[in-house]
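Reader: Please take a close look at the ligand site in this model. I would like the contacts and the burial in one connected account.

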Amino acid sequence: MTQSPPDTQPVTQPVTQSLSQLSPVLRTAYQRAVAQYWDTHTQDPVNLRLGEVDGFYHHHYGLGDYDPAVLEVSPDERDQRIIEELHRLESAQADVLLDNLGVVGPGDRLLDAGCGRGGTSLMAHYRFGCRVDGVTISEYQAGFANDRAVERGVSDVVRFHFRNMLDTGFESGSKRGIWTNETTMYVDLNELYAEFARLLPHGGRYVCITGCSNDVTGLRSKAVSRIDEHYTCNIHPRSAYFRALAANGLTPITVLDLTPATIPYWELRAQSSVATGIEEAFLTAYREGSFHYLLIAADRV
Ligand code: SAH
């Protein structure tokens with residue numbers, strides 16, 4: 001983000017620009033580093049090739065068993081079949097998240113906090129018929145996701161914004177539901193849940209899918225540290241989620257340990273042409289029990 005120093009600005013600044021200067025989207029060196037990661041990792045086949053299958057682009061992992069037949073097809077078809085299967089599993093993951101949002105009507109508004117390329121937001125719109133806003137600190141991702149919404153003719157109701165989920169700028173009480181799909185490891189949970197408690201009305205639902213470290217096995221393992229290093233993130237321990245939720249008036253209704261259901265995705269991905277090299281760290285962390293894949297749904301009380 002480039003901003004002119006105040007003394008070189010014209011006298012009549014548009015209001016939006018002067019507001020964004022008071023409250024920039026990227027506030028810390030860490031947030032700038034995270035934004036830079038997503039602004040530059042734009043060509044990774046593990047995201048692009050999977051998204052190209054049906055136009056829903058995800059930056060999260062998969063759930064459920066894969067069909068072993070995809071490994072046995074002829075060599076010229078094998079790669080594409082594996083990619084389609086990985087995409088089916090990542091879309092199934094988003095469906096599990098949306099299953100836990102509770103009752104959502106066409107007049108409601110939802111927030112996808114850390115929306116990536118917007119796949120889950122679009123799925124939510126098609127499922128509930130409602131308005132969805134996605135926020136990401138990657139300007140590139142917001143642009144990419146808005147282009148997909150335009151292509152589908154839903155850009156009036158599904159909108160993506162270059163904004164910080166710690167300070168979204170949306171009106172208090174305006175979101176019936178909020179989710180974070182693999183984004184909470186980039187932020188302080190107390191700051192995040194204070195913002196969500198502001199945005200949700202009484203009875204509003206928050207759903208989180210995240211990887212978290214296991215307090216029972218102690219401090220973060222080498223495999224968890226490798227994941228942090230790879231993504232420039234800070235994986236929180238499981239206990240941190242429940243403390244921060246409770247401190248911000250968010251009361252859990254569902255907790256699912258999705259670890260066993262995500263392992264097949266990693267096993268298949270490790271054998272695919274789109275493997276990035278981080279697969280073994282995930283598999284080790286899950287198998288040794290130092291890391292969990294968790295869904296938490298909580299209500300604003
Ligand atoms: N939820 C998406 C993307 C997950 S990748 C999906 O399921 O496909 C992590 C995302 O978190 C990226 O889009 C990144 O820009 C976003 N993110 C990280 N920190 C953020 C912050 N402070 N505010 C908004 N988005 C953030």
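Author: What follows describes the ligand site, after a few words on the model.

This is a predicted model, in which local features need pLDDT of at least 70 and side-chain atom pairs count only at pLDDT 80 or more, while totals for chains, interfaces and linings use all residues. Residues are numbered from 1 along each chain as its sequence is written, and side-chain values use heavy atoms, with hydrogens and water left out.

The chain has a mean pLDDT (the predictor's confidence in each residue, from 0 to 100) of 93, and 93% of its residues reach 70 or more. Over residues 1–18, pLDDT stays under 50. Where pLDDT is low, the predicted coordinates should not be read in detail.

Around the ligand there are 21 residues (each with a heavy atom within 4 Å of it), and H59, H60, G114, T136 and Q141 come nearest. Helix α2 (29–40) and strand β2 (131–136), both taken from DSSP runs (helices H or I of at least four residues, strands E of at least two, numbered from the N terminus), each supply at least two residues of this shell.

Polar backbone atoms of the protein approach the ligand at several points. One from H59 is 2.7 Å from a ligand oxygen atom. A ligand nitrogen atom lies 3.4 Å from a polar backbone atom of I137, and a backbone N or O atom of M165 is 2.9 Å from a nitrogen atom of the ligand. Taken alone, the ligand exposes 570 Å² (Shrake-Rupley method, 1.4 Å probe), and the protein buries 99% of that.

Note on methods: Contact means heavy atoms within 4.5 Å. A polar contact is a pair of N or O atoms within 3.5 Å; within protein, one must be able to donate a hydrogen and the other to accept it, and residues adjacent in sequence count only if both atoms are side-chain atoms.
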